Amino acid sequence: MSTITAILTGIDAKANPGLVTDLQQHPNVKSIWVSEGKGEKIIEITGLNLLNTLSINIIALQVKTDYVLFFAKDTGYTLGKFALERMSRIASDCNAGWVYSDYQEIKDGKLSNHPVIDYQQGSLRDDFDFGPVVLVSAKALKDASETMHQTFENAALYYLRLKISQKFEILHIQEYLYTVAELDGRKSGQKIFDYVDPKNRKVQIEMEQAVTEHLKDINGYLKPEFDDITFDKNRFENIASVVIPVRNREKTIADAVNSVLSQETDFFFNLIVVDNHSTDKTTHILQELAASDKRIIHVIPDRTDLGIGGCWNEAVHHNACGMFAIQLDSDDIYSVNQTLQKIVNAFYEQKCAMVVGTYQLVNFKLEEIPPGIIEHKEWTPENGRNNALRINGLGAPRAFYTPVLRDIKIPNTSYGEDYAVGLNISRNYQIGRVYDNLYLCRRWEDNSDASLDIEKMNKHNLYKDKLRTWELKARIAKNKAS
């Protein structure tokens, strides 16, 4: 029978009397660590914080059981019948280092399922959703603790699971083994920018340091050495083309187009709008705009199977596409009339194959909303392409040297296509940065990610994890070949 130490120091044990009682009565649970409290099996330990490495090392040194059960979120818990037996048996059978499961949550008085996704080599996001209950092998914990060479105040659990993943399986049980009270009632569109919120910058730096060490451990780290880039003007009539894929954006498309036409540059540019068979007034609006300005190229594809990435391919391979292809979403606008000029200047000055700008979150009325300006400071010249495997997005606006983009091709999806391309480009080329605010990113009810259910969010995250896995394998192979 596997023995378990339960760590409740991060939650209010007194507010979870049912959980504490269940753990006390469970034959496998030998000790329960709490910040405050007394009773059978209870060990009072003050100052233990699962986010810092000192606490993880203390646990690794003092734990005497086969497994450690972490409760990582301060909320209410109800364990399913035989949940601990199920987790520990599977962990033992598979010699897994880290086990997690699907769970149920109570939100607004309603019980609903919260499935999570399988872990894979590319599951490097620091916000990967394991659920708030994980069972960790004491052997894996001790082994990982001995290789944790950095000291963190906020990234310890992330650091720990990266280290564990190097030698042990991280295993997902597709069964609903416990129930929690959900405390974060925000919609998906309100959560997705947490990782780039400026107030979390200190945390993000620690996470970057942790993943960088991990990539070095597994030979997936890339040194800041890049292939040279030479810009061939002779192949293009225009220096730049703005690319807007669009479907059914009658409320915003004119704003987007006009923000392009108002750009002030010392070079020729055009606008390629790929109208993906809109069924509202979008097509009519674009026809009128194109009739009034020859810089607008209104493309309606012959194909009807295109996602956003497929629409980008239509534009990039169009014979009118300029040397640089610059992104603008159909419900966003450029924030200044110098956006294109600043981006093109960055290509030449930084000698890069891709440029990522800075954007500002606004509502439909273009009023700033939290967290405001997003600089994506994780895209540094020294370590950006390594840190890119940890984050979940690239920033905006994005711009590309067209020959490189034509060579790579863009996945024909409507989610993650820009991230896939950015990872691929960064494997060999430098990605440039512009830290001036260039772009207004509208957040409103018609955003494709405004209010996703858990199944859709899981599908998106699983795809991005796969992108990271494929890219990581390619980078490891690149390092082996060099």
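**Close-up 1. Strands β15 and β16 pair as a hairpin.** In this predicted model, strand β15 (residues 354-362) runs antiparallel to strand β16 (residues 368-374), and 3 bridges join the two. To find one of the pairings, start at Val362: its bridge partner in β16 is Glu368. Between the two strands lie 5 residues, and in this turn Leu366 has a positive phi of about 70°.

**Close-up 2. A salt bridge joins Asp465 and Arg125.** Side chains of opposite charge can pair when their charged atoms come close. Here the side chains of Asp465 and Arg125 meet at 3.3 Å, N to O. The pair links distant parts of the chain, 340 residues apart: Asp465 belongs to helix α15 (residues 454-481), while Arg125 sits in the loop between β7 (110-114) and β8 (133-137). Are these residues buried or exposed? Asp465 is buried, with a relative accessible area of 0%, and Arg125 is buried too, at 3%.

**Close-up 3. Arg427 and Glu471 form a salt bridge between two helices.** The closest N and O atoms of Arg427 and Glu471 are 2.8 Å apart. This pair also links distant parts of the chain, with Arg427 in helix α14 (residues 417-428) and Glu471 in helix α15, 44 residues apart. Both Arg427 and Glu471 are buried. Elsewhere, salt bridges that share partners join Arg125, Asp127, Asp465 and Arg468 into one network.

**Close-up 4. Arg303 and Asp305 form a salt bridge while partly exposed.** The structure holds 18 salt bridges, and in the one between Asp305 and Arg303 the closest N and O atoms are 2.6 Å apart. How accessible are the two partners? Asp305 has a relative accessibility of 42% and counts as partly exposed; Arg303, at 48%, is also partly exposed because this value does not pass the 50% cut-off for exposed residues.

**Close-up 5. Helices α14 and α15 pack roughly parallel to each other.** Two packed helices are described by the angle between their axes and the distance between the axes. For α14 and α15, the axes come within 10 Å and cross at roughly 10°. That angle is under 35 degrees, so α14 is roughly parallel to α15. Their crossing is right-handed. Residues of α14 that take part in the contact include Tyr419, Leu423 and Arg427, and among those they meet from α15 are Leu467, Glu471 and Lys478.

**Close-up 6. Helices α2 and α4 cross obliquely.** Helix α2 (residues 53-62) packs against helix α4 (residues 138-146) at an angle of about 130°, with the axes 9 Å apart. Which word describes the way α2 and α4 lie to each other? The two helices are oblique, and their crossing is left-handed. On the α2 side you will find Ile56, Asn57, Ile59, Ala60 and Leu61, which meet Leu141, Lys142 and Ser145 of α4.

**Close-up 7. Tyr429 lies in the loop between α14 and β18 (431-442).** With a relative accessibility of 22%, Tyr429 counts as partly exposed. Tyr429 and Asp228 are 201 residues apart in sequence, yet their C-alpha atoms are 7.4 Å apart in space. Which residues does Tyr429 touch, leaving aside its neighbours within four places in sequence? The contacts are with Phe226, Asp227, Asp228, Ile229, Ala353 and Val404.

Key. Residues are numbered from 1 along each chain as its sequence is written. This is a predicted model: local features need pLDDT of at least 70, side-chain atom pairs count only at pLDDT 80 or more; totals for chains, interfaces and linings use all residues. Side-chain values use heavy atoms; hydrogens and water are left out. Two strands pair if DSSP finds at least two bridges between them. Helices (H or I, at least four residues) and strands (E, at least two) are DSSP runs, numbered from the N terminus. A salt bridge is a side-chain nitrogen of Lys or Arg within 4 Å of a carboxyl oxygen of Asp or Glu. Buried means under 20% relative accessible area, exposed over 50%, partly exposed in between (1.4 Å probe, protein chains only). Axes are lines fitted to C-alpha atoms, for helices over the stretch in contact, and angles run from 0 to 180 degrees between N-to-C directions. Angles under 35 degrees count as roughly parallel, over 145 as roughly antiparallel, 65 to 115 as roughly perpendicular and the rest as oblique. A crossing is left-handed if the near helix is turned anticlockwise from the far one by less than a right angle, and right-handed if clockwise. Contact means heavy atoms within 4.5 Å.
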